[in-house]
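Hi,

Here is the structure I promised to pass on. Have a look at it first, and my notes come right after.

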Amino acid sequence: MNKELVIVLDFGGQYNQLIARRVRECNVYCEVHPYTLGIDKIKEMNPKGIIFTGGPNSVYAEESPRYQKEIFELGIPILGICYGSQLMAYTLGGTVETAPVSEYGKTEVKVDTSSLLFDNVNEKTICWMSHTDYIAKAPEGFRVSATTPVCPVAAMEMPEKKLYATQFHPEVLHTQEGVKMLSNFVYHVCGCSGDWKMSSFVEDTIRSLREKVGDGKVLCALSGGVDSSVAAVLLSKAIGKQLTCVFVDQGLLRKNEGDEVEAVFGPDGPYDLNFIRVNCQDRFYAKLAGVSEPEAKRKIIGEEFIRVFEEEAKKIGAVDFLVQGTIYPDVIESGLGKSAVIKSHHNVGGLPDCVEFKEIIEPLRLLFKDEVRKAGRELGIPEYLVSRQPFPGPGLGIRIVGEVTAEKVRIVQDADFIYREESAKAGIEGLGQYFAALTNMRSVGVMGDERTYDYAVALRAVNTTDFMTAECSEIPFEVLQKVMNRIINEVKGVNRVMYDLTSKPPGTIEFE
Ligand code: XMP
């Protein structure tokens, strides 16, 4: 089916799927596998190339993940990144040590442009570094192909054996020419021709969903967001009316959103789906009363969701599968393998242990948001739905810092509506993600000669393509001022509006 394959061997870094996705962007099919994947299996899979990822360990620590030396003798091109580069150096006889100073962030790297990996790359180029150890001395036979003032071996290579390594992360967008480097690796070093397209993913997924489901009944958790909409349409193409979509209006949606979702997926919309809307706002507010810890809130919302689905499933009877629109960043940030847990994303860590379905199907589990949008376009889903900005599963529950109440939901809904309305008017809608959040801070103000003691709304806007990293957007000051004015004047309970400048990392996009 896919002739060309690049394998990413996962040593526990945060960016592993990002590497795979960058390779797929080069139209080369790529899969991530744990570093425990056996060498015979690798030979059988016959990849055009292998990429060793980063990871949190030190190669010289006893319990660190390693790979047998023989892998470097297979004649398959290998690119080691960060920990992967150190592992290559260590295994082949180089020296890895704790660096005298850790390098973190955007760093100017001097590269040797005669290297295949750096073909067409500027001699001085900004790369993303994040390391404590470094390669002090490359193994014999390797030549150093990049340096920084701190790193004597920022990249090394042995072209005869097609072995390449970089201390920095080419997969992260902060590495300005990283995409070019990965493309150089897959095309110039691995000799790929680029035979993979999103249409193959869509066709293969529809086919395998059809096989998997057989004549079973499927329930889809539809939120109206991009991910679950794409998942629902994929399933509907695969199995038609065996699918029932359940839309839970849990009282944590954006203003008017419930009705908007119903207009698209309900009986009057363009799709021929079984659609059920469950209104259960009070039930969610009751469960969330008095709870302010973010993970606890996420888990409550996740669990209550599932309970509602189970109840609906019982009404339908004999439901075999539950579909969810989980995408890759949800998986990785909920802690996959040895990566650190950042948040329990709804649909993953937030799930209760006992779910009364035979199986959960997550057809988008390996895709990033922009890949999901591409899949949506392949499926013919209207552009206004496909390009919709993302909205998290736990909804406004994680945009209200602290305890959630019906009153706070009203405040953040109204503030967010104004923000979106003014942004649309100003023509700045193409941003990655922007929304209003309600801080848990109340402060003193003065309005009409009266003292106020009200909440502060935070406006957030970030530019991002992959949602793993994000930069604060530069919204014109007049727009911010207009939004602030309208929120203070029109939304009761707010007397202060702030703009969040934080990027990700170190912040996350949502507040909780
Ligand atoms: P963070 O806040 O983790 O957000 O930087 C990254 C992206 O993920 C969305 N997000 C979620 N999506 N369930 C989801 O389906 C969740 O629990 C969840 N939490 C965050 C967030 O809106 C952003 O696009």
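Below is what I found, going from the whole chain down to single residues.

A word on the ground rules: this is a predicted model, so local features need pLDDT of at least 70 and side-chain atom pairs count only at pLDDT 80 or more, while totals for chains, interfaces and linings use all residues. Residues are numbered from 1 along each chain as its sequence is written, and side-chain values use heavy atoms, with hydrogens and water left out.

**Whole chain**

The secondary structure adds up to 14 helices and 18 strands. Both are DSSP runs numbered from the N terminus: helices are H or I with at least four residues, strands E with at least two. For 512 residues, a compact globule would have a radius of gyration near 24 Å, and the chain agrees with that at 25 Å. (That radius is taken over C-alpha atoms, and the globule rule is 2.2 Å times the number of residues to the power 0.38.) The C-alpha trace spans about 75 × 65 × 40 Å along its principal axes. Of the 512 residues, 58% count as buried; buried means under 20% relative accessible area, exposed over 50%, and partly exposed in between, with a 1.4 Å probe and protein chains only. Among contacts (heavy atoms within 4.5 Å) between residues at least 6 apart in sequence, 74% join residues at least 24 apart.

**The nine-stranded sheet**

Nine strands make an open, mixed sheet in the order β2-β1-β3-β4-β9-β8-β7-β5-β6. Strands count as paired if DSSP finds at least two bridges between them. At the edges are β2 (29–34) and β6, each with a single partner strand, so one side of each has no neighbour in the sheet. Neighbouring strands are turned by 20° against each other on average, direction ignored.

Some of the pairings in detail:
- β1 (residues 5–10) runs parallel to β3 over four bridges, and Ile7 sits opposite Ile50 in β3.
- β4 and β9 are parallel and joined by four bridges, with Gly80 partnered by Ala165 in β9.
- β8 and β9 are antiparallel, again with four bridges, and Met158 faces Leu163 in β9. The two form a hairpin with four residues between them, where Lys162 in the turn has a positive phi of about 60°.

From β9, Leu163 and Ala165 point one way and Tyr164 and Thr166 the other, yet all are buried.

**Helix α3**

How enclosed is α3 (residues 83–91) by the rest of the structure? Largely, because eight of its nine residues are buried. These are Tyr83, Gly84, Ser85, Gln86, Leu87, Met88, Ala89 and Thr91. Their cover includes β3 (49–52), β4 (78–81), β5 (95–111), β6 (124–137), β8 (155–158) and β9 (163–166). Just before the helix, in the loop between β4 and α3, is Cys82. Its phi is near 50°, positive in a residue other than glycine, and Cys82 counts as buried at 6% relative accessibility. After the helix comes Gly93, with a positive phi near 100°.

**The five-stranded sheet**

A second open sheet has five strands in the order β12-β11-β10-β13-β14, with parallel pairing. Its edge strands, β12 (274–279) and β14 (359–361), each pair on one side only. The twist averages 25° from one strand to the next. For angles, axes are lines fitted to C-alpha atoms (for helices, over the stretch in contact), and values run from 0 to 180 degrees between N-to-C directions. β13 (residues 321–323) and β14 are linked by three bridges, and Leu322 has Ile360 in β14 as its bridge partner.

**α5 against α11**

α5 (residues 198–213) packs against α11 (residues 369–378) at about 75°, with axes 9 Å apart. They are therefore roughly perpendicular, the label for 65 to 115 degrees (under 35 is roughly parallel, over 145 roughly antiparallel, the rest oblique). Met198, Ser199 and Val202 in α5 meet Glu371, Lys374, Ala375 and Glu378 in α11.

**Backbone oddities**

Most residues other than glycine have a negative phi, and most peptide bonds are trans. Besides Cys82, there is Asp449, with phi near 70°, in the loop between β15 (433–447) and β16 (450–463). Asp449 counts as exposed at 78% relative accessibility. Cis peptide bonds join Lys504 to Pro505, with omega about -20°, and Pro505 to Pro506, with omega about 10°. Pro505 lies in the segment after β18 (494–500).

Cheers
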